[in-house]
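Hi everyone, thanks for having me. I'd like to walk you through a few spots in one model, so have it open in front of you.

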Amino acid sequence: MALATLCAIAMPAGAPRAEPARVDPVAAGWNTAALDALIDYVARQKSTGLVIIQDDKLIAEKLWPPAADARGFRAAFVHGTAADGATLEDVASQQKSFVAILAGIAVDKGLLDVSRPVSSYIGAGWSKATPQQEAAITVRNLMEMNSGLKEDLSFDAAPDTKFFYNTPGYAVMKPVLEAAANQPLAEITQAWLARPAGMNDTTWRKRPALMADVGNPTGLVTTPGDIARMGQVVLNGGVTDAGVRVISKAQLDALFVRTKTNPSYGRLWWLNGGAATVGVGANARRRPGPLVAAAPADMVAAMGALDRRLFVVPSRKLVVVRTGQAAVDRDFDEQLWRLLVRAMPAS
């Protein structure tokens with residue numbers, strides 16, 4: 001089945017799922033005045049959703065509709081409303097981290113070896129590099145954003161020598177997974193991850209024509225609650241809140257190993273606490289310091305355009321989700337974490 005038809009496969013409604021217990025933030029040790037300040041800040045940043053879960057307790061869950069004048073955002077990213085009122089959004093590059101989980105599951109199943117060349121799964125000629133250059137690019141290189149390819153998939157550098165946040169290069173992971181599993185991406189997403197985790201509102205959709213130039217024609221459409229459920233899988237070491245293991249601890253941990261080409265990146269996941277960070281963009285330079293200075297060093301993140309965020313902090317048993325339009329403040333992540341630190345219980 002072609003990727004363009006992924007939207008035809010959706011998860012049946014009503015799949016069982018465990019939910020975090022709703023608690024009074026005061027009883028959980030949170031500073032409510034600081035928490036209110038955090039929620040007010042996020043609301044002012046053109047957000048559509050905020051979820052905060054700590055120690056499997058729901059501390060805050062807020063939903064806001066997209067602004068009436070957000071026509072471009074609605075046309076490009078919004079796919080209706082879920083039963084709970086959440087906006088169904090194409091969460092941009094957050095999808096990469098979901099695909100990373102699927103790749104780890106495929107390794108667990110013996111279907112995928114990330115050390116093998118990409119061409120061993122989808123055949124030669126998938127890039128614009130020479131046959132010899134292409135044969136050196138492994139599945140791991142696609143996941144670590146160090147394939148050495150440019151956005152048009154032409155050769156730029158040898159694999160493992162240069163970090164370049166290459167979305168068209170990443171998108172090759174989708175046919176690789178389909179070939180390895182001999183199933184459409186939508187089916188393995190539901191069977192391997194969404195259904196076990198109770199992510200009832202998560203599916204793949206073909207993107208509108210106005211996003212045709214991003215080199216990644218299908219978007220992951222989901223809700224803040226479903227993103228949080230995947231965050232709980234990560235926090236639980238590969239186990240859903242219902243107690244179902246979806247990925248081994250070993251393969252999950254492999255996603256969070258810092259790469260030599262970018263200490264703030266693993267395999268399709270961003271990592272905090274590194275000595276240096278290489279950001280997004282063709283001219284992104286290596287800068288000293290972690291991804292988000294105000295956040296705990298062990299934070300890992302699924303990050304997408306327009307400041308879509310999933311933050312998971314094992315040391316604080318914390319999951320934080322933010323969806324919506326691009327935040328007003330350019331230092332949104334730092335501001336968010338400064339407010340979170342003030343609101344959270346002392347470690």
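When I say helix, I mean a DSSP run of H or I that is at least four residues long, and the helices are numbered from the N terminus. With that naming, α8 is followed by Asn182, and the phi of Asn182 is positive, near 55°. One thing to keep in mind: this is a predicted model.

Let's stay with α8. How many of its nine residues are buried? Seven are, so α8 is largely enclosed by the rest of the structure. The buried ones are Met173, Lys174, Val176, Leu177, Glu178, Ala180 and Ala181. For the record, buried here means under 20% relative accessible area.

On to α9, residues 185-197. Here's a little check you can do yourselves. At 1.5 Å a residue, its 13 residues should span 18 Å, and the end C-alpha atoms are 17 Å apart, which agrees. There's also a kink of about 40° in α9, centred on Ala191.

Plenty of α9 is tucked away too: among its buried residues are Leu185, Ile188, Trp192 and Leu193. And what do the buried residues of α9 pack against? They pack against α3, α8, β6 and α10. Right after α9 comes Gly198, with a positive phi, near 70°.

Now hop over to α3, and find Ser97 in that helix. Is Ser97 buried or exposed? Its relative accessible area is 1%, and the cut-off for buried is under 20%, so Ser97 counts as buried. Setting aside neighbours within four places in sequence, Ser97 is in contact with Met230, Leu268, Trp269, Ala301 and Ala302. Take Ala301: it sits 204 residues from Ser97 in sequence, yet their C-alpha atoms are 8.4 Å apart in space. Leu268 has something extra, as its backbone oxygen lies 2.7 Å from a polar atom of the Ser97 side chain.

Last stop: empty space. Rolling a probe the size of a water molecule over the atoms shows where such space is left. How many cavities of 30 Å³ or more turn up? The count is one, and the largest cavity has a volume of about 80 Å³. Ten residues line it, and the closest to its centre are Ala18, Ala197, Arg229, Thr240 and Asp241. The elements giving two or more residues to that lining are α9 and α10, and α10 has the largest share, with three residues.

That's my tour, thanks for listening!

Technical notes. Residues are numbered from 1 along each chain as its sequence is written. Side-chain values use heavy atoms; hydrogens and water are left out. The expected span of a helix is 1.5 Å times one less than its number of residues. The bend at a residue is the angle between axes fitted to the seven residues ending there and the seven starting there. Buried means under 20% relative accessible area, exposed over 50%, partly exposed in between (1.4 Å probe, protein chains only). Contact means heavy atoms within 4.5 Å. A polar contact is a pair of N or O atoms within 3.5 Å; within protein, one must be able to donate a hydrogen and the other to accept it, and residues adjacent in sequence count only if both atoms are side-chain atoms. On a 1 Å grid over the protein atoms alone, a cavity is a set of points where a 1.4 Å probe fits but cannot get out, and a pocket is an open set with protein on both sides within 12 Å along at least five of seven lines; lining residues have an atom within 4 Å of a point. Grid points are joined across faces, edges and corners, and a volume is the space filled by probe spheres set on the points.
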